[in-house]
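Reader: Please take a close look at one part for me, the way the pieces of secondary structure pack together. I am in my first year, so explain each term as you go.

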Amino acid sequence: MSQDEFFMKEAIKLSKLAVEHGNEPFGAILVKDGEIVYSNENQIYTATDPTFHAEAGLLRRFCAETHITDLHEYTLYSSCEPCFMCCGAMVWTKVGRLVYGASDMDLCSLLGEQGSHCSQIVFGNSPHKPDIKAGLLREESLSVLASYFSRNTKG
């Protein structure tokens, strides 16, 4: 198993925990030098904050707690492609690398909606462009999303 696969599996585990905690199935891990430095799961319902996505929440808390705001040396692993808001947060914090499982197109297909290529659109129109690895453990991530959204609507 590669290092990327290991950390993606951790992000997917967090997406399952998010569901157990009453939220939607999204998880994110922040890594530097091969070590997890921060992790977060979606908390839109438990925090009563529709902006508390796994990635944005992770970046907000990590930066506040560490006073580090330039994350060009960090990799963010996300169980699903970050939305426009979360990609924007990654621009402002200069995340160096993004690795994600399922795409927004995959997610929206499950929801019967039209998706978009959020990361390509945001980073393609931004001065900050992290390295992106898309679709890692996609099927595993999709399985968690499909299980949840077959019984729940998107919040």
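Author: What follows takes the sheet, then the helix pairs, then one salt bridge. This is a predicted model, where local features need pLDDT of at least 70 and side-chain atom pairs count only at pLDDT 80 or more, while totals for chains, interfaces and linings use all residues. Residues are numbered from 1 along each chain as its sequence is written, and side-chain values use heavy atoms, with hydrogens and water left out.

Start with the sheet. Five strands form an open sheet in the order β2-β1-β3-β4-β5. The pairing is mixed. Helices (H or I, at least four residues) and strands (E, at least two) are DSSP runs, numbered from the N terminus. Two strands pair if DSSP finds at least two bridges between them. Strands of a sheet pair through backbone hydrogen bonds, either parallel or antiparallel. At the edges are β2 (35-41) and β5 (131-133), and each pairs on one side only. From one strand to the next, the twist averages 20°. Look at β1 (residues 27-32): its pairing with β2 is antiparallel, over six bridges. There, L30 has Y38 of β2 as its bridge partner.

Now add a helix. α2 lies across β1, β2 and β3 (75-80), and it runs at about 125° to β2. Axes are lines fitted to C-alpha atoms, for helices over the stretch in contact, and angles run from 0 to 180 degrees between N-to-C directions. Contact means heavy atoms within 4.5 Å.

Next, α2 meets another helix. α2 (residues 54-66) and α3 (residues 84-93) pack at about 30°, with axes 8 Å apart. The two are therefore roughly parallel. That label covers angles under 35 degrees; over 145 is roughly antiparallel, 65 to 115 roughly perpendicular, and the rest oblique. The crossing of α2 past α3 is left-handed. Left-handed means the near helix is turned anticlockwise from the far one by less than a right angle; clockwise is right-handed. From α2 come E55, A56, L59 and C63; from α3 come M85, C86, A89, M90 and T93. By class, this contact has seven nonpolar residues, one polar and one charged. Nonpolar covers Ala, Val, Leu, Ile, Met, Phe, Trp, Tyr, Cys and Pro; charged covers Asp, Glu, Lys and Arg; the others, Gly among them, are polar.

Two pairs involve α6. α4 (residues 104-111) and α6 (residues 138-149) have axes that come within 10 Å and cross at roughly 30°. That makes α4 roughly parallel to α6. Here the crossing is right-handed. D106, L107, L110 and L111 of α4 touch R138, L142, L145, A146 and F149 of α6. Seven of these residues are nonpolar, none polar and two charged.

The axes of α1 and α6 also come within 10 Å, crossing at roughly 10°. These helices are therefore roughly parallel too. K9, I12, S15, K16 and V19 in α1 meet E140, S141, V144 and Y148 in α6. The split is four nonpolar, two polar and three charged.

Last, α1 reaches the sheet. The side chains of R97 and D4 form a salt bridge, at 2.6 Å from N to O. R97 is in β4 (residues 97-102), D4 is in α1 (residues 3-20), and they are 93 residues apart. A salt bridge is a side-chain nitrogen of Lys or Arg within 4 Å of a carboxyl oxygen of Asp or Glu. By this rule there are seven salt bridges.
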